[in-house]
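Biologist: Could you pick one part of this model and take me through it slowly? I'd like to hear what sits beside it and how it fits into the rest.

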Amino acid sequence: MSRPGPQSSSPPPTTPGVDPRSANPRIEDDRTGMGDATLKRAFLDHLSYSLGKGAANSTDLDRFFALALTVRDRLTYRWAQTQETYSRTDAKRIYYLSAEFLLGRALANNLHALDIYEKSKTLLKSAGLELADVLEDEPEPGLGNGGLGRLAACFLDSMATLGYAGYGYGIRYEFGIFEQEIKNGWQVERPDEWLRFGNPWEYVRPEYAVSVNFGGRVEAVTDEEGDLSARWVDTHKVLGVPFDTPIAGFRNNTVNTLRLWQARAGNEFDLKVFNDGDYVRAVEDKNSSEVISKVLYPNDHNQAGRDLRLKQEYFFVACAISDIVRRYKKSHKNFDDFATKNAIQLNDTHPAIAITELMRVLVDLNRVPWDRAWEITVATCGYTNHTLLQEALERWPVAMFERLLPRHLQIIYEINRRFVRSVMARFPGDDARIRRMSIIEEGTEKKVAMAHLAVVGSHAVNGVAALHTDLLKRDVLRDFAEMTPAKFSNKTNGVTPRRWLWHCNPRLSALITEAIGPDWVTNLDHLEKLMKLADDASFVERVGAIKRQNKADFAQYAADTWKFRFDPDSMFDVQIKRLHEYKRQLLNALHVVRLYLDAKRDAKALDAPRTILFGAKAAPGYRVAKLIIKLINGIADVVNSDVDLQGRLRVAFLPNYRVSLAERIIPAADLSEQISTAGKEASGTGNMKLSMNGALTIGTLDGANVEIREAVGEENFFLFGLTTPEVHDLQRTGYRPRAVYDRNERLREVIDLVANGFFSSDDPTLFRPLTDHLLDHDTYMILEDFDAYVACQKRVSEAYLDKKAWHAMAVRNIAKMGMFSSDRTIREYANEIWGAKPVHIELRNYDGT
């Protein structure tokens, strides 16, 4: 093996493999060198010695693994030095606890981060291979359901790029979000076997395994000093084994850690029971333990599913808290500096049990007095709320806690007792307020309100868009905001421009870099410099040409993958997001029916041809959402086969929407559908990604749409629909959707067509549950907003006919996306909540120089 040489992300030496800066030039090390010859040699070595294959008999997957391992070596070199620097400087560490991390594929992202993307292209081409083909062979980890998990991934990227000592903690699900097939128009779920061929990015760390307890009972004991304490005994033990994935900063040598925990049995195999012939019972403990990390979001429509969800949440939180405390105690003798050296951010209510677990660890295991432990816990923890929907604010039955986590229930009762006492002191005699604010909800079934626990146990609570935070303070968490207003703040979400512009839209990225330089990749505010170019006809024309080519590329991909036929000269009208009624994919579908009927009567209705694309997964137990998918596919079947339209209107539901598919669709989108009922969407991040890539938005004043519209200008945003106050007023005065239907002939024609089986000839009443609910309830006010939506869509069509003006609007959208970078969001968290500073990583050679 060659000797180690100097490492940096500077341009390669003039002589391959040799660093000319050294007085005694050294050959680059095969594990860490960045020169062309070294990278090629490392790739071929991994193919031969890590995978046991030669170039002639290697498969596509082998070549992916060989390149991934080559990249991992270089990440690991930086990773070790990053962690050593954090320890040596005693940096404040940020721990991001999330039930989801929807990372997407890692290879291209890591190649860009190390600045060896083009070199890798060259080395593969010299071996007769295409980098694009190798990238497509990477399995995609579906460890998230949508925006929550993707936001967590963007935040990890930004923490590493900005140089913060960040760690992610979650679950290493064996099966992630399901793979979606569409059969006869229906969603069919298949397991996501992302680990089937292994994962080249991760390292297992069995030496840091954590024992996690469930069940049992709590006994009171008196210690040697006569103090009363609690001991949790007779528990069922599960082992949490950590798997570490490197998270690379963009060209700054920082590599942070995502630590995901896998559940294993404390006692995997009972040999005596096996020898007695009871083979099933011999592995019973193994199976019941390992199911905890088996599946992302198991169906909770039965008690076993609900138990499993709570177990999952406590499992990864207990592992994380144990790991955080272990790391802290390596360099600190007591807990006096715990909150100044650690920040724990709770990504929604799933990890809220961390409040109780940290108290248990401090009080029970480390004998910290209760009052001091509470000060430490509150000062350490922050809570991000991601929802305004009451059903999404977790509430666990007290009986479940008593059965699965009895010690934690005791701690929650004590936290609540003290908290209620403080509410009484602040608002004497206000019993109604006390009931509303209590962590323990009274009723026919007592429940633990996890959002209340998170608020009470955190020093900072934030929403994720200006409107969302305002609604939290005025409605969902009003009592808490009145009591401790300084605790609440807004941190509008953002997305990483590295993945969502630089990587996924290379043509547009190259044009932007040509126009304003490369600094925008790590400082998105630089996009503002594009504003003056919105009036430059030549630049606008080039932006339009790039959009046309991206659309052609996606049309080709759709033809190759699903046999769909899309016209790249039509408007690509895109709604891609998790399927939920409040996101109103149904409103979009009803507009398609209206447009279809209008076009059948007057061809001018399609002067601007449209390709309407849906991408979404419905939760397996969400029947209404699945029926909406079936309706969309039924509409597509009718519209796409109607020869009268001559292909000027196309509709497609794109199966298995995921990160890699979003990376293809977003650069090709003309119109971004952000049409949720006002006051229901916390923020949204798809709206940011699409605008960043030059799609114009049609949307309501909901979530981050409000801030996007303020940023890009109302003339560059297609607004429609009720506002949040109007929604509340209509709910208060009594919304009657059937009356809307009765007085609106154009709406009535659409609803009747759906209800009477026009799009379901085999079962004429199939979609009646959808139309009946709209007429009787219409929870998300689709009928009320229908006319405004249709009228706004007409304005969209008229605007699209003037392509020059349209593309100029697109440039203005791109130019105003600076504030929607996750880098800006993370800086705000770091400065205003975590109190953390960036840490510079200086690479050293193996010999320490």
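Modeller: Let's start where β19 meets strand β20 (residues 649-653): the two pair in the parallel sense, over five bridges. Strands here are DSSP runs of E with at least two residues, helices are runs of H or I with at least four, and both are numbered from the N terminus. Two strands pair if DSSP finds at least two bridges between them. You're looking at a predicted model, where local features need pLDDT of at least 70 and side-chain atom pairs count only at pLDDT 80 or more, while totals for chains, interfaces and linings use all residues. Residue numbers start from 1 along each chain as its sequence is written, and side-chain values use heavy atoms, leaving out hydrogens and water.

If you want landmarks on that border, Ile612 has Val651 as its bridge partner in β20, and Phe614 has Phe653. The connection between the two strands goes through helix α24 (residues 623-640), and β19, α24 and β20 make a right-handed β-α-β unit. Right-handed means that, with the strands pointing away from you, the path from the first strand over the helix to the second runs clockwise.

Before the chain enters β20, look at the loop between α24 and β20, which is where you'll find Gln646. Gln646 isn't a glycine, yet its phi is positive, near 55 degrees. Gln646 is also exposed, with a relative accessible area of 67%. For that scale, buried is under 20% relative accessible area, exposed is over 50%, and partly exposed is in between, using a 1.4 Å probe and protein chains only.

Now for the other flank of β19. Strand β18 (residues 571-576) runs parallel to β19, and six bridges join them. Val574 is matched with Leu613 of β19 there. Helix α23 (residues 585-601) sits in the connection, and β18, α23 and β19 make a right-handed β-α-β unit too.

How buried is β19 itself? Six of the six residues in this strand (residues 610-615) are buried, so β19 is largely enclosed by the rest of the structure. Arg610, Ile612 and Phe614 point one way, Thr611, Leu613 and Gly615 point the other way, and all are buried.

Step back a little and you have an open sheet of six strands, with parallel pairing, in the order β20-β19-β18-β21-β22-β23. β20 and β23 (718-719) are the edge strands, each with a single partner, so one side of each has no neighbour in the sheet. As a reminder, strands of a sheet pair through backbone hydrogen bonds, either parallel or antiparallel.

For contrast, there's an open sheet of three strands with antiparallel pairing, in the order β13-β15-β14. Its edges are β13 (395-397) and β14 (440-441), each with a single partner strand, so one side of each lacks a neighbour in the sheet. Two bridges link β14 to strand β15 (residues 447-449) in the antiparallel sense, with Ile440 opposite Val448.

Back along the chain past β20, Glu663 belongs to helix α25 (residues 659-665). Glu663 is buried, at a relative accessible area of 12%. Its side chain makes a polar contact of 2.7 Å with that of Arg499. A polar contact is a pair of N or O atoms within 3.5 Å; within protein, one must be able to donate a hydrogen and the other to accept it, and residues adjacent in sequence count only if both atoms are side-chain atoms. Leaving aside residues up to four places away in sequence, Glu663 touches Arg499, Trp500, His503 and Cys504, where contact means heavy atoms within 4.5 Å.

And the whole thing? The protein has 34 helices and 23 strands, and 61% of its 849 residues are buried. Its C-alpha trace spans about 90 × 80 × 65 Å along the principal axes. Of the contacts with a separation of 6 or more, 75% are between residues 24 or more positions apart.
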